[in-house]
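Please open the structure in a viewer and keep the selection tool at hand. The tour proceeds by selections, each followed by a description of what is found there.

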Protein chains: 4
Amino acid sequence: ERASAQQFQAGPSLRHLLQELGEVQHSREKAARLFEWLIAPVSSQRFFGQHWEKKPLLIRRRNPAYYQGLFSTAEFDAVLRDQEVQFGVNLDVTSYEDGKRETHNPLGRALPAVVWDFYRNGCSLRMLNPQAFSATVWHFLSLLQEQFGSMVGANTYLTPAGTQGFAPHYDDIEAFVVQLEGKKHWRVYSPRKEAEVLPQFSSPNFAQEEIGEPVLETVLEAGDLLYFPRGFIHQGDCLPDAHSLHITVSSFQRNSWGDLLEKLLPAALQMAIEEDVEYRQGLPTDYLAYTGVVNSDVIDPRRTAFMKKVQTLITKLMNYAPVDAAVDQKAKGFFHDCLPPVLTETEKTLSVYGLPARWENGDVRDVDVPFSENTQVRLLRYGIVRLCNEGDKTLLYYTAENSRVYHKEEPKYCEIEPEYTDGIEFLLSSYPKYVSVEDLPCVTLDDKIALATVLFEKGLLITKSPLFSA
Amino acid sequence: ERASAQQFQAGPSLRHLLQELGEVQHSREKAARLFEWLIAPVSSQRFFGQHWEKKPLLIRRRNPAYYQGLFSTAEFDAVLRDQEVQFGVNLDVTSYEDGKRETHNPLGRALPAVVWDFYRNGCSLRMLNPQAFSATVWHFLSLLQEQFGSMVGANTYLTPAGTQGFAPHYDDIEAFVVQLEGKKHWRVYSPRKEAEVLPQFSSPNFAQEEIGEPVLETVLEAGDLLYFPRGFIHQGDCLPDAHSLHITVSSFQRNSWGDLLEKLLPAALQMAIEEDVEYRQGLPTDYLAYTGVVNSDVIDPRRTAFMKKVQTLITKLMNYAPVDAAVDQKAKGFFHDCLPPVLTETEKTLSVYGLPARWENGDVRDVDVPFSENTQVRLLRYGIVRLCNEGDKTLLYYTAENSRVYHKEEPKYCEIEPEYTDGIEFLLSSYPKYVSVEDLPCVTLDDKIALATVLFEKGLLITKSPLFSA
Amino acid sequence: ERASAQQFQAGPSLRHLLQELGEVQHSREKAARLFEWLIAPVSSQRFFGQHWEKKPLLIRRRNPAYYQGLFSTAEFDAVLRDQEVQFGVNLDVTSYEDGKRETHNPLGRALPAVVWDFYRNGCSLRMLNPQAFSATVWHFLSLLQEQFGSMVGANTYLTPAGTQGFAPHYDDIEAFVVQLEGKKHWRVYSPRKEAEVLPQFSSPNFAQEEIGEPVLETVLEAGDLLYFPRGFIHQGDCLPDAHSLHITVSSFQRNSWGDLLEKLLPAALQMAIEEDVEYRQGLPTDYLAYTGVVNSDVIDPRRTAFMKKVQTLITKLMNYAPVDAAVDQKAKGFFHDCLPPVLTETEKTLSVYGLPARWENGDVRDVDVPFSENTQVRLLRYGIVRLCNEGDKTLLYYTAENSRVYHKEEPKYCEIEPEYTDGIEFLLSSYPKYVSVEDLPCVTLDDKIALATVLFEKGLLITKSPLFSA
Amino acid sequence: ERASAQQFQAGPSLRHLLQELGEVQHSREKAARLFEWLIAPVSSQRFFGQHWEKKPLLIRRRNPAYYQGLFSTAEFDAVLRDQEVQFGVNLDVTSYEDGKRETHNPLGRALPAVVWDFYRNGCSLRMLNPQAFSATVWHFLSLLQEQFGSMVGANTYLTPAGTQGFAPHYDDIEAFVVQLEGKKHWRVYSPRKEAEVLPQFSSPNFAQEEIGEPVLETVLEAGDLLYFPRGFIHQGDCLPDAHSLHITVSSFQRNSWGDLLEKLLPAALQMAIEEDVEYRQGLPTDYLAYTGVVNSDVIDPRRTAFMKKVQTLITKLMNYAPVDAAVDQKAKGFFHDCLPPVLTETEKTLSVYGLPARWENGDVRDVDVPFSENTQVRLLRYGIVRLCNEGDKTLLYYTAENSRVYHKEEPKYCEIEPEYTDGIEFLLSSYPKYVSVEDLPCVTLDDKIALATVLFEKGLLITKSPLFSA
């Protein structure tokens, strides 16, 4: 009997972990614990102190079952059979031979017979965003994204024995290569120059002679982990005796200080111009005479004063820089990128998804949401909502209605009336403790219940006890 | 135990019919038989002769189970629970009271608690394109579309007892109102004037005083059918004692002779200008003197000759009109609108979906598609492919990779080399008979197998016997 | 002393003619007389009967002074000096040597030193739309456009002795080559095939071997005229002993029956659909089975009926075709293309340009427009205004505020209230007779004066006598 | 005999000045001298020290002839008669009565009879950009623009006695109100608040009660000058006994430090990110927890460190800020805004406009540009060219081919090969001295002559002596 895509389950280590995490109250702690498991036995402290954005880390476990259940080739086969995987959209067929990198995607749906025929002929298969097809990968990544405060993505790579699917290159993300099956020979190279350290954009494919000598060469086996920062060139190829399946977990794409400044600086300048007349004063009438590239070597006290003035105005920008608003702009982007949360069965029971409202015997039943002053509530996750000011309005952005398919949905938000923002801040600061509806800082009990109800109906709030007994 | 959206099954009449249709060879006959069932006991001949595009038809069956299993409120409830239904996208909440029609859609996902709360408060619930959520509706419509040669769509309407959800109006489609549960009081009115007979576009909402007296007034009960042509104003309301669920099956939107001419005329004129110098000859140098609205009452032999010339040129257009190409342009639109086919289990076995190619024990198995000269093949359905010329190329449009969600996918086609078009025409003309691969009119056996394989791999072709024995 | 661009005056023949035309009342007669002069001694009747759109006409006059004063190289030199001529916009520098056609335009303003340097090196100089720079060419073309009811344009070509500036090609306009100075060897070739007779678009450059043998070969000398229809391939080169200057006057670009039908057919179909239910009726449900390119050879009574129906509907289109409205659409385009009229000194005196309203000694003087019931008025030209219906409005399009630079101004029009349209029609039908303001068919005398005043102030109306005595 | 628009000449003071300026070598000195005349007897030093961008200046001269010849109502009348002035484009008809500001522009050309009728009925007439119609205004502004290093524009305002044409408002430009004829009562008000000091954008019209008490109230008479900075509210009305004509000369629109920073900051950040890894380092993984508007009051050492880091990165931006390149971007905008230079008769003789190349007696004459190593050349004006780097290229922007009509022409530039940039810098630094062609720092004499020739042919270079003797 052939497996269907619904049936796959995590192996002992992962299954146990996810079960434990179901009991952890704070979603940031869930994320931290999951990340610790990913990089164990290395500690988070050591990892972020010594490796993150600095240098590769290799963890060799000699435990093929460690990551079992995260993803497998059998699950990939079932996904091809049961779900609508499209060549070029969800799956790339590639090869790298004699220094030549090729893509072989036909058009249309990727059915097993065609896909496996490519594989048999030596092609690599890269599944993009497997979280759209695998519930476990979705669960895994959705938890992890709170660890990074930045989108966490993934691709899987299936490579036939004795072949290589990709040319050496570097990426624009922090990469965690999780070896799931078989083994793969990896070579990792340092950034070639200062400008390629922590780059903003991925590289083109390199020729072998462009990349120097590897700083790390190893054969990853199932259960092993290899991390390297963006900018580190890498290539992996299969030994003649074994295929390879790995999943690369990635984060921190366009998440640098510079990316924040790109949002911050135009707003800072606009506010400086509005608030500080010094920015509105005219340029010297003669400035063109001693500035411009033609005059860049000119020595002139007017030029010196001009440059000093520019320096002063740039430095003073910080006084007007709306840093928090710019962070919220970045947060909006992150919230749009986020995977929606995966609820445990218990969480479902405590959430809007557990309500018994239904059609039965020709009429609706149990339609009321029975919130009272004593109902105990909390946010489902910490990182599931964010309050942002936009113009005169306060908007609540949330991830709960995002799709597993990247950016398939528009950013989701609702406007929050001023009298409710304190209530939401209260829920955030109380998290993960449950609070009584009556403790929400709103004026009337009706307001308190209304706020709790609207958040509950959007799937953002859960109750401490089921609203209905089974 | 609550039902999930997968579990719903057709009732005795529909189940039996679909089983029988599984044995019918020709997809057009499947479609015809399904349509006969829809309008039984009226015959197709009588329907198309007396009612279609002419006047309403009411079929009263006194058999509540007749349409059972097509859709139900219980299935609607399960869909809300299990699938991502969005307010405003897939579901509209409406009311019509004291002559005022309102829409009450909130933003975001439509969860049962919220939806049923609206219902309890007297709102109607219109589910758009239920074929995206219900496998039976999908199956039903996908078969029916070959009957009409035009997109077949549907909406379902759930109305609480004693309420009305919509104002009187007319639509731009032929409507088949299939009463599924409860009962509804309907009033149907003739088009108000010649210009509203078979209109191109739907009307706004009317006030009661604008629509005159109904030509048909009735109470539909479960198992009944009401048909009316586009342009017939209609309104339905629930009696105080029963809710109502019906599904409206629709077709022939923008599918008139005029719509065809909109594609045909510009092409016809372009060809006439290219091929016939009479269209390229200059206008009379003095024509502005006796034409134009200012001169419309002028009596002048030059004006008479001018008008006669225009008449001649319009009449002669037919000589250059590429009618077949214009039809193919229309067919392309229809193919883009089409639902993808639903395969029976047997058909799956005989199609690319039945191939055993798979991942097993660390390697791929049974990857070959073992087509030989003796393999017997035919198209899966007749109306699943269409050859169209575009410029110098021949493109094969097909519906097999469409989505159940309207226009979610781009039109699907592949280019066909000239040596293969005869093969495809042969498959079309042989349908529903199976033919041997060796009988395909291609030059070499390799070509014959290549053509069969490419169509098979796209899900367009099935074999007479399974390629692999179980 | 060097000439300025203002100083050039027509030679004896043209000067005399323009003087005479100043006395001609009807602008169409002015146009007809000017055209007769252009093609003399051939009569208009013979020209339009035997040559127009049919075959070339060569008129050899042995009178170098015949066209004198229309344009000259000395005027071209003065224009370069005094006006802002831009390379690539107003002037092209070209060469054709050894079968290779090249354009040598630099960027920016074309000053004499640079232009003449190109000329000295064997380049041809094509001035585009010389009417923007030469008052005589403007005058000439603005009169002529009423002869054709289609935009009349021009280019001038100055070619050094012993060179050729352009490759053989055909144009999309009727061409009148007016030899102004020197001489040029011309070869004209028949259209190569039926599809190139009276073509809609100009050809690319041809190689000599593509064009066959000329049907006409001659050396044009100053005072000669060569006409050929669009589609006739042509090339001209200078003999070793003389440069050449000619002006090509052109008309009838996109002015064919087909061009009118492009405006007419979509409107006709729209009206047919609105007014005739036969166009709104649905296509046969089975039409895709016997139509389309795949079925183009099928013999089937349903196909025959289908085609017959299409034929009927196309033929019947004439019943709904708004021919006059389509003509007015074409007229609007023509009016936008038109050159503004050139007023004689007398006309200026009788028009708004002759009003004495002015600033003098610190205040305004003679501001009133003293129209009374007895003022005698008429339109300045017949072809200067056109009434068009647009939606519910009547718009008066006019050419008087166009620019000498092609399409520099937007189409000019004003809305006409219903009570004034009869007055404008009356002015058109009375033209060129003067009528009393009191005879205008408006309700009140105030209305009559108001209509006359608004047309007068736009420069469209003149009075019989000056409103103010000098 | 009525004046034509060509005939107007400057009065004694201005005529004498322009004559003197013709002898001044350096174009910046021309500009400075012209500006001194404009504000005499106040010195430039005092003006820029005490008034510019600070407070109004009133200069009362009791010399009605002082500005005579710059512009007059008689010239305005002649312009209406001779040139194509369009309502709404070149001329606005306005009124301000009982607190209500109205615009009365009809469509189309503004002819004297219509314009003067508005005036007689109490409307004000604002001519926009009179430099397009008046050679003296053009001359005046084109010289002045080098004084400001920013576009200098103008409008003229003609107001009937006893009326006011505009509501109180402030503008976004420095304004010099030059009273030309009659007199006008002016009231000027301080900016109402800090944010309206030196504003970036003009205000809407104000009601009288919004603007407080004037800081300056006066009656300007012909020959007087009133300056006020942007942001100062102002209104002017005519006394019952005299009309008023003034021209407002304006500059420094969007020419502030903030406007420069808008160009500079994005480029600075891009360079910082490219060159300094600190900008490419990732944000802290937990930053969303203590930043954002929700956390703006949080006290947390991580927040403090975050803000300090942002401050550091902003301050450090100056190290990477391409100030010169940003200035050149601004300069490009200024060069596009500039009026083209007005050449004196002498300058014409020494420039490309003085070359004798011409058509004479059937052939070209004197076509060579006889540059030799000994030819003495210099730039026509200092502020007529600017070298800017763009990507890898060096472009020479220049104003000489701009139009008198604002932005009618695209920005004009040509690419300069690397071997010629030194030559252009040499010409700039030598200006206003003449240099020998052989002194240009190019490799070969051919290069030197080529560079001089191309600049000369674009009208940017003049020779010390005429290249040809008369």
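The stops below cover the chain interfaces, then one aromatic pair, and finally some backbone details.

The model is a predicted one.

**Stop 1: chains A and D**

Select chain A and chain D together. The contact between them takes 71 residues from chain A and 71 residues from chain D. About 6300 Å² is buried between chain A and chain D, with carbon and sulfur atoms giving 68% of that area. Next, highlight W257(A), R280(A) and T285(A): these supply 14% of the area that chain A buries against chain D, more than any other three residues.

For the polar part of this interface, display D324(A) and R303(D). These residues form a salt bridge in which the closest N and O atoms are 2.7 Å apart. Across the interface of chain A and chain D there are two salt bridges, and 30 residue pairs are in polar contact, both residues at pLDDT 80 or more.

Colouring chain A by secondary structure shows where its side of the contact comes from. The elements that give two or more residues to the side touching chain D are α6, α7 (257–275), α8 (277–280), α9 (301–316), α10 (323–337) and β14 (385–390) of chain A. Of these, α7(A) gives the most, with 10 residues. By class, the side of chain A that touches chain D has 39 nonpolar, 16 polar and 16 charged residues.

**Stop 2: the axis relating A and D**

Keep both chains visible and superpose them. A turn of 180° and a shift of 0.1 Å along the axis lay chain A on chain D with an RMSD of 0.1 Å. This is therefore the relation of a two-fold axis. To locate the axis from within chain A, select T315(A), whose C-alpha is the nearest to it in that chain, at 2.4 Å. The same surface serves both copies, since 100% of the contact residues of chain A recur in chain D.

**Stop 3: chains A and B**

Now hide chain D and show chain B with chain A. Here 37 residues of chain B are in contact with 37 residues of chain A. The area buried between chain B and chain A is about 3100 Å², and carbon and sulfur atoms give 59% of it.

Select R120(A) and D368(B). Their side chains meet in a salt bridge, 3.2 Å from N to O. The count between chain B and chain A is two salt bridges, and eight residue pairs, both at pLDDT 80 or more, are in polar contact across this interface.

On chain B, select α4 (73–82), α5 (112–120), β11 (358–360) and β12 (363–365), each of which supplies at least two residues of the side that touches chain A. The largest share, seven residues, comes from α5(B). By class, this side of chain B has 17 nonpolar, five polar and 15 charged residues.

Superposition can be repeated for this pair. Chain B is laid on chain A with an RMSD of 0.1 Å by a turn of 180° and a shift of 0.1 Å along the axis. In chain B, the C-alpha nearest the axis belongs to K408(B), 5.7 Å from it. Again the same surface serves both copies: 100% of the contact residues of chain B recur in chain A.

**Stop 4: chain pairs without contact**

Show chain A with chain C. These chains do not touch, and their nearest C-alpha atoms are 24 Å apart. Then show chain B with chain D: no contact joins them, and their closest C-alpha atoms lie 24 Å apart.

**Stop 5: an aromatic pair in chain A**

Over all chains, the whole structure contains 140 aromatic pairs. For one of them, select F148(A) and F176(A), which form a tilted pair with 6.0 Å centre to centre and 45° between the planes. This pair links distant parts of the chain: F148(A) is in helix α6 (residues 135–148) and F176(A) is in strand β6 (residues 174–189), 28 residues apart.

**Stop 6: backbone details**

In chain D, select A40(D) and P41(D), which are joined by a cis peptide bond with omega of about 5°. P41(D) is found in the loop between α2 (27–39) and α3 (44–51) of chain D. Further along, the peptide bond from Y431(D) to P432(D) is also cis, with omega near 5°. P432(D) has its place in the loop between α11 (418–430) and β17 (435–436) of chain D.

Finally, move to chain C and select R254(C). Its phi is near 45°, a positive value in a residue other than glycine. R254(C) lies in the loop between β10 (244–251) and α7 (257–275) of chain C.

Technical notes: Residues are numbered from 1 along each chain as its sequence is written. Chains are lettered from A and ligands numbered from 1 in the order in which they are written. This is a predicted model: local features need pLDDT of at least 70, side-chain atom pairs count only at pLDDT 80 or more; totals for chains, interfaces and linings use all residues. Side-chain values use heavy atoms; hydrogens and water are left out. Contact means heavy atoms within 4.5 Å. Buried area is the accessible area (1.4 Å probe) that two parts lose on being put together, summed over both. A salt bridge is a side-chain nitrogen of Lys or Arg within 4 Å of a carboxyl oxygen of Asp or Glu. A polar contact is a pair of N or O atoms within 3.5 Å; within protein, one must be able to donate a hydrogen and the other to accept it, and residues adjacent in sequence count only if both atoms are side-chain atoms. Helices (H or I, at least four residues) and strands (E, at least two) are DSSP runs, numbered from the N terminus. Ala, Val, Leu, Ile, Met, Phe, Trp, Tyr, Cys and Pro count as nonpolar, Asp, Glu, Lys and Arg as charged, and the others, Gly among them, as polar. Copies are superposed by least squares on the C-alpha atoms of residues with pLDDT of at least 70 in both. Rings of Phe, Tyr and Trp (its six-membered ring) pair if their centres lie within 6.5 Å; planes under 30 degrees apart count as stacked, over 60 as edge-to-face and the rest as tilted.
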